[in-house]
Amino acid sequence: MAAIQELRCVVGGCRFAPGEQDYACPHHGELGTLDVVYDYAALRASLDRDAISAGQTANHWRYLPLLPLACDSQLPPQAVGWTPLYHAPRLAEKLGARHVWVKDEGLNPTGSLKDRASSLVVARALQAGIEVVATASTGNAAAALAGLGAGLEQIATVIFVPRDAPPAKIAQPLVYGAQVFLVDGSYDDAYELCTRACAAFGWYSRNTGVNPFTTEGKKTVALEIAEQMGWRAPDVVAVSVGDGSIISGIYKGFFDLLQLGWIEKMPRLLGVQAAGSAALADAWRAGLAPSAITRRVVNTIADSIAAELPRDRSKALRAVRETQGAFVTVSDAHILKAIPLLGKLCGVFAEPAAAAATAGVEQALAKGIIDRDSDICIVSTGNGLKDIARVRQSVASARSLPADVDVALGRLEGIGLL
Ligand SMILES: *Cc1c(COP(=O)(O)O)cnc(C)c1O
Ligand SMILES: [Zn+2]
């Protein structure tokens, strides 16, 4: 267990005792998201990265000593994290880089990186005796909260998703036994409703941005990348960005490791947004403060990164600015093209939002934003099974064969397979 030293507001540096605030800073409102700050000197003295590597826990609880939970906490039993990190030379060659790794987050229990945040929030809820946890979601956070809350009789989960979310993302929370509400509106409408409902009924909000512990859960992907590379940070970590919570978690994970002296540098963070949902990329290019970002209309096939007002905008802009990183935007057509690249060249099946990161790396390399000699890690955030309809659009149709075996064999003759 890591004892929290304080919670610190990203915007104003306002400081709070552990437990004093559940959500954002009361002085700076929803822009004032909170960092969970540890006593790094104490952690440095008591923890050993090699002991973690020698441990047997093949999921993200291997980092319990770096997470804001008591050692005797009841933990949701699903095996979240410790996903594979593949070295992908064929993908690298195609993208125009020397070394590319792909972290396949689609292999988490409910199929996306969101499981990391949800398992931590559920563990915090168990510790605090909270009975109802709610979230708004484009779909993956819904599946994750419902899935990680499943099987626990003391916790009920409540989900608000846009009615037009991909069917799999609605089926999952229903199967896991959550109360699911389909909102006739966008993700941002569902978010407002969820925030109000939590305030009105005293439910615990897992909403992205406002709950500081989601960042702590998501940071475990960065801890894994560093450990899987031999306790080293790559030069660049690329990830798709909607609300900006994942990229903020990645920043926090590497930040914590740097404070511990377990890595030697921060990687540059490359945030990839869909061209039709690019509030953070635009703000970064224009040098705007997070407070200058306003809600806008969005349009992209990559539903998981469609965010009218990115909720973790303060932390996300910091993540890119402080690592000398960059934002790039990619078209839906480019996102679709990246799906079979990941599939064919490294065996990773990605939903559109996840594949966007690969499209972004291709573009950043072409534009010289990242150097081709860099060690580049791409985080593939969600599984292609989440949105089969759109994934199918990225590839040609399968060919047909008749039932007659002789005729079928005749057609197979002379087919080139490589
Ligand atoms: C949530 C999600 C993202 C974006 O994460 P943010 O924290 O909203 O920036 C990207 N890809 C997938 C698959 C997601 O589920
Ligand atoms: Zn503040």
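Is aspartate 184 buried or exposed? In this predicted model, aspartate 184 is exposed, because its relative accessible area is 64% and the cut-off for that label is over 50%. That residue is a good place to begin a walk through the salt bridges, before moving on to the zinc site, the sheets and the helices.

## Salt bridges

The model holds 26 salt bridges in total. Aspartate 184 takes part in one of them with arginine 163, and the closest N and O atoms of this pair are 2.5 Å apart. The two partners come from distant parts of the chain, 21 residues apart. Arginine 163 sits in the loop between strand 7 (156-162) and helix 6 (167-175), while aspartate 184 sits in the loop between strand 8 (179-183) and helix 7 (187-201). Arginine 163 counts as partly exposed, because its relative accessibility is 46%.

A second pair has another setting. The side chains of aspartate 188 and arginine 311 meet at 3.1 Å, N to O. Aspartate 188 belongs to helix 7 and arginine 311 to the loop between helix 11 (279-286) and helix 12, so this salt bridge ties together parts that are 123 residues apart in sequence. Aspartate 188 and arginine 311 are both buried. They also belong to a network of salt bridges that links Glu30, Asp188, Glu192, Arg311 and Arg313.

A third pair joins glutamate 216 to lysine 219, with 2.8 Å between the closest N and O atoms. Both of these residues are buried.

Here are the three pairs side by side.

| Acidic residue | Basic residue | N to O distance |
|---|---|---|
| Aspartate 184 | Arginine 163 | 2.5 Å |
| Aspartate 188 | Arginine 311 | 3.1 Å |
| Glutamate 216 | Lysine 219 | 2.8 Å |

## The zinc site

Which protein atoms are the donors of the zinc ion (ligand 2)? They are Cys9 (SG), Cys14 (SG), Cys25 (SG) and His28 (ND1), and they lie 2.1 to 2.5 Å from the ion. The site is tetrahedral, with angles of 100 to 116 degrees among the four donor atoms. For reference, the ideal angle for four tetrahedral donors is 109.5 degrees. Along the sequence, the donor residues follow the spacing C-x4-C-x10-C-x2-H.

Two of these donors link distant parts of the chain: cysteine 9 is in strand 1 (residues 4-9), and cysteine 25 is in the loop between strand 2 (15-16) and strand 3 (34-38), 16 residues apart. Cysteine 9 and cysteine 25 are both buried.

## Strands and sheets

Strand 1 also belongs to an open sheet of three strands, ordered 2-1-3, with antiparallel pairing. Strand 2 and strand 3 each have a single partner strand and stand at the edges, so one side of each has no neighbour in the sheet. Strand 1 and strand 2 are joined by two bridges and run antiparallel, and leucine 7 stands opposite phenylalanine 16 in strand 2.

Elsewhere, strand 5 (residues 99-104) is mostly covered, with five of its six residues buried. Strand 5 pairs with strand 4 (residues 85-87) in the antiparallel sense over three bridges; here lysine 103 in strand 5 is the bridge partner of leucine 85. With strand 13 (residues 375-380), strand 5 runs parallel and is joined by six bridges. In that pairing, histidine 99 stands opposite aspartate 375 in strand 13.

## Helix 10 and alanine 319

How many of the 16 residues of helix 10 are buried? The count is 13, so helix 10 is largely enclosed by the rest of the structure. Helix 10 (residues 245-260) should span 22 Å at 1.5 Å a residue, and its end C-alpha atoms are 23 Å apart, which agrees. Just after helix 10 comes glycine 261, with a positive phi of about 75 degrees.

Alanine 319 lies in helix 12 (residues 313-322). This alanine is buried, because its relative accessible area is 0% and the cut-off is under 20%. Leaving aside residues up to four places away in sequence, alanine 319 touches Ile247, Tyr251 and Leu269. The C-alpha atoms of alanine 319 and isoleucine 247 are separated by 6.9 Å, although the two residues are 72 residues apart along the chain.

Methods:
Residues numbered from 1 in each chain as written. Chains lettered and ligands numbered in written order. Predicted model: local features only at pLDDT ≥ 70, side-chain atom pairs only at ≥ 80, totals over all residues. Heavy atoms only, no water. Helix = DSSP H or I, 4+ residues; strand = E, 2+ residues; numbered from the N terminus. Buried < 20%, exposed > 50% of the residue type's maximum accessible area, 1.4 Å probe, protein only. Contact = heavy atoms within 4.5 Å. Expected span 1.5 Å × (residues − 1). Donors = N, O, S within 2.8 Å, 3.2 Å for Na, K, Ca; no water. Tetrahedral: all angles 85-135°; square planar, octahedral: opposite > 155°, others 65-115°. Salt bridge = Lys/Arg side-chain N within 4 Å of Asp/Glu carboxyl O. Pairing = 2+ DSSP bridges.
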